[in-house]
Amino acid sequence: MYDVIVVGARCAGSPLAMLLARQGHRVLVVDRSTFPSDTVSTHYMHQTGLARLRDWGLLDRLVATGVPPMRHLTFSYTGIYLEGFADPIEGISEVYSPRRIILDKLLVDAAREAGAEVIEGFTVSDLLFDDGRVTGIRGRAGEGPEQEFRAAFVVGADGRTSTVADKVGADFYRVVPAAGFIYYSYYEGLDWTFQHRTGFGEQQFGTWPTHDGRHLLSIIRPRSAFSEFRADVEGSFHAIFDAVVPELGEDLRARGRRVEEFRPMRYPDNYYRRSHGPGWALVGDAGYHKDPFTGWGITDAFTQAQLLADRLHAGLAGERTLDDAAAEYVKIRDEESHGTFELTCTLSHLVLPPFLHSAFTATAQSPRYTKKFFGMIAGGVPGHDFFHPDNLAELYEEVGTPAEKRLLSAG
């Protein structure tokens with residue numbers, strides 16, 4: 001009998017298991033994958049997420065893998081150009097983009113070291129119930145015999161196609177249709193800094209360095225362009241770089257060498273899903289997912305894992321019921337993620353609405369507010385602070401025009 005069973009051992013599941021095990025709880029974590037293994041991901045990590053790794057004693061271990069730091073970011077939105085970096089957030093002054101084959105193995109190892117039991121290659125086929133309460137899991141490791149494990153609480157950290165969410169009938173209560181698709185791959189021969197460029201014609205590319213001297217290069221296009229794009233992936237991919245920033249497109253053709261296959265991401269809609277019930281909770285993409293445009297997937301997984309671990313520990317210690325603890329976790333998650341969710345859904349359309357276009361245009365003319373912009377993107381400046389009418393009014397007084405001030409008052 002375990003205190004907690006965690007289904008899914010990547011960026012949400014292993015940290016949750018590790019944190020609970022460090023508190024002395026008996027934890028089992030299972031995953032259908034074996035590690036090290038890769039998964040579809042653009043693997044960007046914000047300062048807030050890195051601060052969690054540092055607090056857990058894992059950041060130095062990640063840095064030792066050779067992942068390069070980034071301390072200068074370049075954003076452009078259809079003619080609006082912003083470059084710089086956020087002030088330190090929780091003492092973190094750089095960002096990283098580690099390969100998932102390295103990061104996820106590091107997290108699984110940390111869960112084991114903390115005392116959690118980890119079973120790799122284990123596929124969950126069903127949940128166990130007792131009077132409507134989830135009490136365990138059923139499944140098998142590889143081709144082995146079916147097994148059952150029981151626990152006081154079960155957590156689904158098994159991603160967007162969560163078996164746990166499916167078996168408990170977790171419904172969706174906030175859904176925003178997905179706007180685009182991604183193709184990405186890895187290139188050698190480039191020395192580019194972080195680039196996040198959105199051009200006219202609803203096309204965007206992003207690129208940043210990762211392990212082994214490689215750069216991840218990705219594009220985003222509207223979902224309606226998917227069939228046309230995949231008819232000539234290589235040509236379509238390069239054409240976006242040529243169109244959005246011609247000099248980078250030329251450099252890519254001259255020096256870039258693609259060293260892995262292209263990977264498509266036709267991700268599902270953006271959503272919030274009911275994420276707690278009798279004996280169960282969901283964490284990470286299993287319960288809350290948004291477009292990867294703003295790169296918050298891994299960081300959100302870390303922060304949610306910490307949030308849920310703290311609440312479950314209180315429940316397991318007898319300070320409250322486990323179900324009440326899980327309910328509070330979901331309430332806080334929804335409150336803290338709302339702003340990022342809404343901004344991400346808006347930006348993912350690759351066309352800025354007039355209010356954001358005006359705000360970002362003015363931001364680009366103000367070094368002070370540009371620093372604030374990067375703080376907002378990184379999670380150090382709340383969106384409601386960045387977009388507060390009083391703050392924008394002050395910005396427009398500094399650089400704006402009467403038309404922009406009227407737009408502010410109307411928006």
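**Exercise 1. Place M70 in this predicted model and decide whether M70 is buried or exposed.**

Solution.
- Start with the chain. M70 sits in the loop that runs between α3 (59-63) and β3 (73-77).
- Check accessibility. M70 has a relative accessibility of 3%. Buried means under 20%, so M70 counts as buried.
- List the contacts, leaving out residues up to four places away in sequence. M70 touches Y44, F85, E94, V95, Y96, S97, F194, W208 and P209.
- Look along the chain. M70 and T193 are 123 residues apart, yet 7.6 Å separates their C-alpha atoms.

**Exercise 2. Work out the strand order of the open sheet that contains β9, β16 and β19, and find which helix packs on the sheet.**

Solution.
- Take the order. The sheet has 3 strands, arranged β9-β16-β19, and the pairing is antiparallel.
- Find the edges. β9 (172-176) and β19 (288-289) each pair on one side only, which makes them the edge strands.
- Add the helix. α10 (residues 322-347) packs on this sheet and touches β9, β16 and β19. The directions of α10 and β16 make an angle of about 170 degrees.
- Follow one pairing. β9 joins β16 (residues 270-273) in the antiparallel sense over 4 bridges. In this pairing, V176 stands opposite N270 of β16.

**Exercise 3. Describe how α12 packs against α14.**

Solution.
- Set the geometry. α12 (residues 367-378) and α14 (residues 389-399) pack at about 145 degrees, and their axes are 10 Å apart.
- Name the residues. From α12 come R368, Y369 and K372; they meet N391, L392, E394, L395 and E398 of α14.
- Sort them. The contact has 3 nonpolar, 1 polar and 4 charged residues.

**Exercise 4. Identify which residues touch the most other members of the largest nonpolar core, then trace the contacts of F373.**

Solution.
- Start with the core. It holds 94 residues, and L53, F360 and F373 touch the most other members.
- Find the main contributor. Helix α9 (residues 297-316) gives the largest share, 8 residues.
- Trace F373. Beyond neighbours within four places in sequence, F373 contacts F75, Y77, L82, F360, T363 and F386.
- Look for a separate core. Another one, of 21 residues, lies apart; L28, V124, V164 and A165 are among its members.

**Exercise 5. How many disulfides are in the structure, and are C11 and C345 buried or exposed?**

Solution.
- Search the whole structure. The result is 0 disulfides.
- Take C11. Its relative accessibility is 5%, so C11 counts as buried.
- Take C345. Its relative accessible area is 5%, so C345 is buried.

Notes: Residues numbered from 1 in each chain as written. Predicted model: local features only at pLDDT ≥ 70, side-chain atom pairs only at ≥ 80, totals over all residues. Heavy atoms only, no water. Pairing = 2+ DSSP bridges. Helix = DSSP H or I, 4+ residues; strand = E, 2+ residues; numbered from the N terminus. Contact = heavy atoms within 4.5 Å. Axes fitted to C-alpha atoms, helices over the stretch in contact; angles between N-to-C directions. Nonpolar A, V, L, I, M, F, W, Y, C, P; charged D, E, K, R; others polar. Disulfide = S-S within 2.5 Å. Buried < 20%, exposed > 50% of the residue type's maximum accessible area, 1.4 Å probe, protein only. Core = buried A, V, L, I, M, F, W, Y, C linked by side-chain atoms within 4.5 Å.
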